[in-house]
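Visitor: I am new to this structure. Please take me in for a close look at a single part, and then show me what lies around that part.

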Amino acid sequence: MWSFHWGRFTKILVLLPLILVSVVACTLSFSSPLTWRNKSSVLSLLISDDHRNQPLNLLGEVEELSLHKHLEAQNPVYSPSDDQNRKGEILQDSTLSLNGGNDSIIKTKIIRRYSKLEMVEARLVKAREAIKQAARNRNLTSIHEDPDYVPQGPIYRNANAFHRSYMEMEKVFKIYVYKDGERPMFHNGPCKSIYSTEGRLIHEIEKGSLFVTEDPEEALVYFLPFSVVMMVQYLYVPGAKEYHAVGNTLVDYINIISQNYPFWNRSLGADHFMLSCHDWGPHTTSYVPNLFNNSIRVLCNANTSEGFNPKKDVSLPEIHLRSGEITGLLGGPSPSKRPILAFFAGRLHGHIRYLLLEQWKDKDHDVQVYDSLPKGVSYETMLRTSRFCLCPSGYEVASPRVVEAIYSECIPVLISDGYIPPLSDVLDWKKFSVQVEVKDIANIKKILMSISQSQYLRMHRRVKQVQRHFVVNPSPKRFDFFHMMVHSIWLRRLNVQIQD
């Protein structure tokens, strides 16, 4: 009997080292690419530097841009369930028999557990693939059913891909709002005036009813809730030649965020976003290099000559809500009741307006350009009785006249250098607007007169269609201004893969 047990014990001693080697080998071979790779904070930005100054088209060229050959986000070897409770996957489950019979004495089970970040990134992998597949359908109408709105027509770069991306956003996109910072410079913003879009977005996100999570571990992006407009109001000394107080306050805030939370340092800010409609927004972010270079900056001043990068930054429309509401601003007469060819009224701000006023003020009945409207003439009436509305840049590239034109169903004529229009990743602006180079200001009438009546009618219908994406609703509705801005942020997050 002793010889029998001694023989079994000898077999155990022989096989035990082999079992340990097998366990170690399996553990290494099944390590996730997200954790076994080089520990750089940001794995990849999918868009190469060669396209930084090009208008963004993430959905029209998904295969080329969103899955760039050598920058493609790697598909994890795992596929975690959408069920948040699933934390791991059995990688090996085996039973060892020492004597070839039913007398089994050792059972090994290796479980690979996934971090919350890995599970978040896995969902993004699925979303990228879904959008890629949808982009292959080049029909002008989305094939996806939707009770509220089905994107269709040439105003979209790819209606089907946009619709699929929008639906994927609704399923998985989560925003975490940092609680740090005190009002009025944080968690606050203007909801009336030319800066209203900054305040509207801040307040809507702060409500926490749409896309916001209280669990930072499940968030896809992190919102930095400071307002440049409010900082300027409370920190800038009128007449001063510098505004370091604004920039230094932002530096201090990011330092607090990076010390209190792991997320900023993990990605170097690449999954964080801020928003500003103030002219000083871009320069203020330059006080924090990682914010300027890595983070998603949602800016009205979307000027490529001042560092705006359309591959990671978002162009925010400038909307002048004088009363805080859009009541009475939407709609206008039919094309047959618009006798004025082109209209502009505005003060002398910047060299582009100087050239426009010099060339056309009081020069032509068809192209009516004013620095100040005559007494008794309504600005809104002029918008509604014009076929084309001139939207020249001022000191900065953004102008509220773009959205004013769309609201009034007047074809916007963009006159600027380096301006990236809002929603250029989804919308094809050439289909519902006219873009005039600064050097062609003298030829504006010739350019507009060359547009045929049938082409103008098509553009007019498209302006009416695109209007829904710029409407600021008191309570956000699907596909409106708020949702489209969130979608633009979502697209930028899709281009980044984060490692632990």
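Guide: What follows is a close look at one sheet and its surroundings.

Keep in mind that this is a predicted model. Start with the overall picture. The protein has 17 helices and 14 strands. It holds 500 residues, and buried residues make up 53% of them. Take the contacts with a separation of 6 or more: 71% of them are between residues 24 or more positions apart.

Now the sheet. It is an open sheet of five strands, in the order β4-β5-β6-β7-β8, and the pairing is parallel. The edge strands are β4 and β8, the latter at residues 314–315; each pairs on one side only. Strands of a sheet pair through backbone hydrogen bonds.

Go across it strand by strand. β4 and β5 run parallel and are joined by three bridges. Here Y176 has Y222 in β5 as its bridge partner. Next, β5 pairs with β6, again in the parallel sense, over two bridges. F223 stands opposite F273 in β6. Then β6 pairs with β7, which covers residues 296–299, in the parallel sense over four bridges. There, S276 stands opposite L299 in β7.

Stay with β6 for a moment. Five of its five residues are buried, and the strand is mostly covered. Its side chains split two ways. H272, M274 and S276 point one way, while F273 and L275 point the other way. Residues on both sides are buried.

Next comes a helix beside these strands. α6 spans residues 196–207 and has 12 residues. From first C-alpha to last it reaches 17 Å, close to the 16 Å expected at 1.5 Å a residue. Nine of the 12 residues of α6 are buried, so the helix is largely enclosed by the rest of the structure. The buried ones are S196, T197, E198, G199, R200, L201, I202, E204 and I205. What covers them? The cover includes three strands of the sheet, β4 (175–177), β5 (221–223) and β6 (272–276), along with helices α7 (228–235) and α17 (481–494). Just after α6, G208 takes a positive phi of about 80°.

One helix in that cover, α17, deserves its own look. Its 14 residues should span 20 Å at 1.5 Å a residue, and its end C-alpha atoms are 20 Å apart, which agrees. Of its 14 residues, 14 are buried, so α17 is largely enclosed by the rest of the structure.

Now look at the nonpolar interior. The largest nonpolar core has 112 residues. Those with the most contacts inside it are F173, L224, F226, F273 and F388. α17 gives the most to this core, with nine residues. A second, separate core has 10 residues, among them A345, Y379, A405 and C410.

Two members of the largest core tie back to what you have seen. F273 is the β6 residue that F223 stands opposite. F226 has contacts on several sides of this region. Leaving aside neighbours within four places in sequence, F226 is in contact with M185, F186, I202, M231, L250, Y253, M274, L275 and L291. Of these, I202 is one of the buried residues of α6. M274 and L275 point opposite ways from β6.

F388 leads on to the aromatic rings. The count comes to 22 aromatic pairs. In one of them, the rings of F388 and Y456 have their centres 5.6 Å apart and their planes at 55°, so the pair is tilted. This pair links distant parts of the chain: F388 is in strand β11 (residues 386–392), Y456 is in helix α16 (residues 453–466), and they are 68 residues apart. F388 counts as buried, at 1% relative accessibility. Y456 counts as buried too, also at 1%. Elsewhere, ring pairs link Y149, Y156, F162, Y166 and F479 into a cluster.

Finish with a charged residue in a loop. D428 lies between β12 (411–415) and β13 (434–436). At 15% relative accessibility, D428 counts as buried, because the cut-off is under 20%. The side chains of D428 and K431 are joined by a polar contact of 2.9 Å. Not counting residues up to four places away in sequence, D428 touches P154, I155 and R157.

Terms used: Residues are numbered from 1 along each chain as its sequence is written. This is a predicted model: local features need pLDDT of at least 70, side-chain atom pairs count only at pLDDT 80 or more; totals for chains, interfaces and linings use all residues. Side-chain values use heavy atoms; hydrogens and water are left out. Buried means under 20% relative accessible area, exposed over 50%, partly exposed in between (1.4 Å probe, protein chains only). A polar contact is a pair of N or O atoms within 3.5 Å; within protein, one must be able to donate a hydrogen and the other to accept it, and residues adjacent in sequence count only if both atoms are side-chain atoms. Contact means heavy atoms within 4.5 Å. The expected span of a helix is 1.5 Å times one less than its number of residues. Two strands pair if DSSP finds at least two bridges between them. A nonpolar core is a set of buried Ala, Val, Leu, Ile, Met, Phe, Trp, Tyr and Cys residues joined through side-chain atoms within 4.5 Å. Rings of Phe, Tyr and Trp (its six-membered ring) pair if their centres lie within 6.5 Å; planes under 30 degrees apart count as stacked, over 60 as edge-to-face and the rest as tilted.
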